[in-house]
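Biologist: I am new to this structure and would like a close look at a single part of it. Could you take me through that part slowly, and then show how the surroundings fit together?

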Amino acid sequence: MNKTIYEAEFTKMVHDKMREANRFKEYERIPKNRIGGDYWNTYWTIRYMLRTMTDILENGDKLVLLGYFTVKPKFYKERTACPGMERTGKKCV
């Protein structure tokens, strides 16, 4: 897809995942007055952030959180193995 995802869209995606988990009772609902409160609120928030980042990278998209970091998927070219050719420096045919 090669799409760039910024903070606002990323935050919305994380909240959607958390809302879905709430619907399936995967974790207790975090009350609005306790955002960032205790260990478990932080644990579940980070867990869904990481799941969202994984989904973004699996789609081949780039995540940009300005002021923090940029994450791009790395695509690997398929390589043919030629045992013993690394030392000689010759290219495999």
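Modeller: In this predicted model, leucine 65 is in contact with Glu7 and Phe10, once its neighbours within four places in sequence are left aside. Leu65 and Phe10 both belong to the largest nonpolar core, a set of eleven residues that also includes Ile5, Trp44, Tyr48 and Leu63. Two or more residues of this core come from each of helix 1 (7-23), helix 2 (39-58) and strand 2 (62-65). As a general background, nonpolar side chains tend to be buried together in soluble globular proteins.

Strand 2 sits within an open sheet of three strands, whose order is 1-2-3 and whose pairing is mixed; the edges are strand 1 (4-5) and strand 3 (69-71), each of which pairs on one side only. Strand 1 and strand 2 run parallel and are joined by two bridges, and isoleucine 5 has leucine 63 in strand 2 as its bridge partner. Helix 1 packs on this sheet, where it touches strand 1 and strand 2, and its direction makes about 105° with that of strand 2.

Helix 2, for its part, lies across strand 1, strand 2 and strand 3, and runs at about 50° to strand 3. Its 20 residues reach 29 Å from the first C-alpha to the last, close to the expected 28 Å. The buried residues of helix 2 are Asn41, Trp44, Tyr48, Thr52, Met53 and Ile56, and these buried residues pack against helix 1 as well as strand 1, strand 2 and strand 3. Just after helix 2, glycine 60 takes a positive phi of about 85°.

Key:
Residues numbered from 1 in each chain as written. Predicted model: local features only at pLDDT ≥ 70, side-chain atom pairs only at ≥ 80, totals over all residues. Heavy atoms only, no water. Core = buried A, V, L, I, M, F, W, Y, C linked by side-chain atoms within 4.5 Å. Buried < 20%, exposed > 50% of the residue type's maximum accessible area, 1.4 Å probe, protein only. Helix = DSSP H or I, 4+ residues; strand = E, 2+ residues; numbered from the N terminus. Contact = heavy atoms within 4.5 Å. Pairing = 2+ DSSP bridges. Axes fitted to C-alpha atoms, helices over the stretch in contact; angles between N-to-C directions. Expected span 1.5 Å × (residues − 1).
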